[in-house]
Amino acid sequence: MQVTKNIEREYLLLRIMTFIRYFGDCLFYGYFILFLKSRNLTESTIGMVSALTPIIALISNPLWSHISKNANHNRRIMMIITVLEGIAILIFTQVSVIEMIALLTILVSFVGSPFYSLHDGFIGTFAKTYNKDYTRIRFIGTLAYFAATLVAALLLKVSNNNYSILLYISGACFILISLFFIWIKPIDLKLTKGGEEVKRNYKAILKNKTFALYMIIYFLVITVSFAADNYVGLFFTEYHKLSSSNWSLIFGSFILVEFITMFILSKVTEKINPNILWVIITILYPLRSLIFAIDLPLPITIIAASLRGISYGMVLVVNIRCVEKICGIENVTASFFIMAIFTAIIQALSNLVFGNVIEEVGYQVFFGIVATAGFIGMVINLVYQIKHKFTYDIKNKEQLN
């Protein structure tokens with residue numbers, strides 16, 4: 001049966017939904033490590049708990065990938081998992097025993113790990129089908145993160161660092177998301193080449209040499225840095241002795257930079273070579289970690305934290321474009337699931353190791369190691385980009401069709 005759609009109304013609803021989801025995401029995931037620290041866990045224990053998330057994602061993502069056949073299947077799955085995720089987050093506020101924290105972390109990871117792959121697949125297909133700007137939907141999430149950091153700073157200040165308040169709001173936001181997917185109707189996939197249900201050839205995607213190299217660079221530069229970001233809040237609150245509310249303002253500052261970066265790029269997206277932006281990304285990420293490592297004065301370190309906002313803002317704009325160019329729009333969701341699986345492996349190993357590394361050698365050496373991994377990725381990327389004249393070899397895409 002043909003579903004009547006009001007495209008502009010649903011475009012607006014997608015942006016509002018994205019704002020609420022990322023607002024809740026920031027209040028939980030953005031402060032989860034500090035929440036665990038407030039439960040008197042050590043860095044190594046926090047690392048083990050954090051490692052559960054990518055381990056469970058590694059197990060669950062193939063399942064979700066199998067269930068999700070197209071963008072409209074994504075919609076139905078998100079309607080269910082976001083409610084379960086919200087309920088689990090609310091229960092977090094009532095526990096302090098490590099076993100229960102670990103159990104809830106597993107539950108949240110199982111239902112929450114596929115959300116953004118599903119979300120990006122859905123809004124990417126929506127944008128392509130109805131000629132809308134994907135970036136203008138996605139950067140609303142960054143604006144939400146910035147708003148959430150300001151709210152968190154205020155709430156932590158007036159509540160004397162009561163993280164449970166943040167979790168209450170986060171859980172409620174996640175549960176609310178399900179209503180939006182009731183109001184947002186299925187996409188007419190007949191209008192989009194590759195949007196209909198397809199037989200996914202994961203083996204062919206993995207044999208795409210350009211995609212394999214892209215993933216290696218992504219993991220060295222971004223995934224390792226993301227795992228290290230779990231400890232940036234502790235780096236400022238434990239090492240530099242700042243209050244949680246002050247850290248929240250620092251957090252908000254580089255989220256604001258991220259939003260500004262995405263906003264500017266959204267105006268000129270089609271005019272910019274994503275490969276050039278990818279070079280800049282691979283320089284800024286390890287540079288940030290290097291500045292953390294050499295222990296410059298605190299004001300410079302705070303400014304350096306904002307480099308993450310510039311680089312990740314670029315990633316959010318160009319990542320889906322790069323994957324689409326390399327693998328084709330019909331393989332975007334499948335490609336993101338493959339990246340999510342390998343990302344989970346790397347994050348799990350990183351989280352298991354990073355806490356112990358910090359306890360053994362301290363934050364400076366730790367961030368030096370992270371910077372080294374990023375610079376290796378930068379060199380690999382530069383060699384490829386120069387050799388291929390800053391363009392991807394999309395001939396490999398033919399293997400996937």
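What follows is a friendly conversation about how the terms used for this predicted model are earned.

Biologist: Before we start, what should I know about the numbering and the model?

Modeller: Residues are numbered from 1 along each chain as its sequence is written, and side-chain values use heavy atoms, leaving out hydrogens and water. The model is predicted, so local features need pLDDT of at least 70 and side-chain atom pairs count only at pLDDT 80 or more, while totals for chains, interfaces and linings use all residues.

Biologist: How many helices and strands does the protein chain have?

Modeller: The count is 17 helices and zero strands. Both are DSSP runs numbered from the N terminus: H or I over at least four residues for a helix, E over at least two for a strand.

Biologist: Why is the protein chain called as compact as a globular protein of its length?

Modeller: Its radius of gyration is 20 Å, and the globule rule gives 21 Å for 401 residues; the two are close, so the description fits. That radius is taken over C-alpha atoms, and the rule is 2.2 Å times the number of residues to the power 0.38. The C-alpha trace spans about 55 × 50 × 35 Å along its principal axes.

Biologist: What makes Ser-244 buried?

Modeller: Buried means under 20% relative accessible area, exposed over 50%, and partly exposed in between, with a 1.4 Å probe and protein chains only. Ser-244 has 10%, so it counts as buried. Across the protein chain, buried residues make up 58% of the 401 residues.

Biologist: Where is Ser-244, and what does it touch?

Modeller: Ser-244 belongs to helix 12, residues 244–267. Beyond its neighbours within four places in sequence, Ser-244 is in contact (heavy atoms within 4.5 Å) with Leu-156, Asn-161, Tyr-163 and Thr-237.

Biologist: How do you know that Ser-244 and Tyr-163 share a polar contact?

Modeller: Their side chains are joined at 2.7 Å. The term asks for a pair of N or O atoms within 3.5 Å; within protein, one must be able to donate a hydrogen and the other to accept it, and residues adjacent in sequence count only if both atoms are side-chain atoms.

Biologist: Why is Asn-40 called exposed?

Modeller: Asn-40 has 72% relative accessibility, so it counts as exposed. Asn-40 lies in the loop between helix 2 (32–38) and helix 3 (43–67), and has a positive phi of about 65° although it is not a glycine.

Biologist: And what makes Lys-389 exposed?

Modeller: Its relative accessible area is 71%, so Lys-389 is exposed. Lys-389 sits in the segment after helix 17 (363–387), with a positive phi near 55°.
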